[in-house]
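Hi everyone, thanks for coming along. I'd like to talk through one sheet and a couple of cavities, so let's bring the model up.

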Amino acid sequence: MSRPWNRLVVKFVIGLCVIGGIPKSCHAQREYLAGYLIIPTGEKVERQYNAGFSMYVAAWQLMNYYPGHDFQTGLPGTWMFAQYDGAKPEKMYSDVEGGLGWWRDTRFPTTTPKFIMGGVGPNFSVIANGPAHGWGTWEKPRGLYGVAQLSPWLLFPIDGLNVKQGAAGELFGYGYLKLPLTDPKPTTDGKPIPTGNNSWTLFLNTKNFKGPVAFFLPYFWSHQSVVEPRLASLLHDSRPVDPNRQIQMETQYIPCKMATDSKGEHYARIAPASFPIGADGNSVLVHQDTAYEDGALWNSVVDWFKGGAASNGRINSERSHIRTFPGRGSATWQIHSPGPDNKEKRVPIAWNTFANPMAIDQNTFGYKWNYDIASKSTASNSNAATNAKSQLVTLPEYFHLENGDDPKKAKWMPVKQETVPTETGLQQIKWETPKENPQEPYTTPDQTKTSWKTPGPKAGPFKAHLGDGSVV
């Protein structure tokens, strides 16, 4: 990494996870905040940088409490799509879109984000999130066997890789490069459908782990071509990737409540959401987004496997392109609420009144904040061993609807708490983690005639206690 951001890389707990009251004046229907933070890059990257990417993204606790399993949001991330020589296939969506965040199917969530791989097969037919983690059941897997682990030095939890609890803006380095870890095959499931040898491999760069972790099996992508032959040789097992990826922060749910006063004025309150800030008062979100050519690593490994000199495993930075950030950006955050005829109503919040995108340097994207509206605070790191304190900026909680009768001009404007009429009851809301049924453990197959038992382990069992409170 360039610049001193490398001292911020996050440490993560390693382990394998196998296992408010609402006032009457508030609407009872479901209301929430959702949308995207758009992070543009400057230049278009040339096509040959199609062998993978890496980037550093901030890891932090977006919410100071866990709002339940409706909560789904990612921290800044990207979508890795296949690259085509001509038009891309019609009616087909497939990519790698994992990263740091929270998901509705996370069984053991905490306020600290986790990391998943997020491989999406054609039109969401299969999903692979990590070793032994994906869609389906053991009897009818739809991605559970889509990822194979390489490193013996890192236990990858089924529920997602644990980041050290209390993350407060440290940078988490990750990316995918293709490696020829399997041989190409002319048939798939006995059908004349080829399977390529692109093993898209997850690399991490953090304070306590650096290197390759796991890879998507080429078969994870190609076996869907047996069902749809038109997709043969068009998926990630065979295709390079588009270097001109989008970078965004996708938020699907932040709790919100709305109320109307006796004058017919509409108000809303969102649950406190925070961003980390540095000593200069600005937020670093993304750093050193890089695209790679085949010469960065692929070529040396191919030569090695063909009998040549052993690859040293280093990624050749001279065969890479670091994308720049012009400092632009936008937000599509909207408050969603029930509308007439059961149609959802969406009205944007005035994001630019309190947050301004900026290029901290040409390779680093962040935000500058209007502290007259957003509030700065100090939070204690939840990790007792460090007892560190971090600076946060908390977004405005209270909003007033302006131009509510005009769908094109309607907007939620931030307001001070004291300007919201007490009759709305919004100030009395307590944001609390809802009571939910206990999460069931992840249990791998116990039958003797399975790959889990034959040949089976040679030692153990052993236990690992994870930062999320679960036990392997």
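Let's start with one pair of residues: Asp95 stands opposite Val120 in β9. A word on the ground rules: this is a predicted model, where local features need pLDDT of at least 70, side-chain atom pairs count only at pLDDT 80 or more, and totals for chains, interfaces and linings use all residues. Residues are numbered from 1 along each chain as its sequence is written, and side-chain values use heavy atoms, with hydrogens and water left out.

Strands here are DSSP runs of E, at least two residues, numbered from the N terminus, and two of them pair if DSSP finds at least two bridges between them. Strand β6 (residues 95-96) and strand β9 (residues 119-120) run antiparallel, joined by 2 bridges. They belong to an open sheet of 6 strands, ordered β5-β6-β9-β10-β11-β12, with antiparallel pairing. β5 (80-81) and β12 (141-142) are at the edges with a single partner strand each, so one side of each has no neighbour in the sheet.

Now the cavities, meaning sets of points on a 1 Å grid over the protein atoms alone where a 1.4 Å probe fits but cannot get out; lining residues have an atom within 4 Å of a point. Points are joined across faces, edges and corners, and volume is the space filled by probe spheres set on them.

The largest cavity holds about 40 Å³, and its lining includes Trp103, Asp105 and His133. The second largest has about 30 Å³, with Phe53, Met80 and Val96 among its lining residues.

Technical notes
1 Å grid on protein atoms, 1.4 Å probe; cavity = no way out; pocket = protein on both sides within 12 Å on 5 of 7 lines; lining within 4 Å. Helix = DSSP H or I, 4+ residues; strand = E, 2+ residues; numbered from the N terminus.
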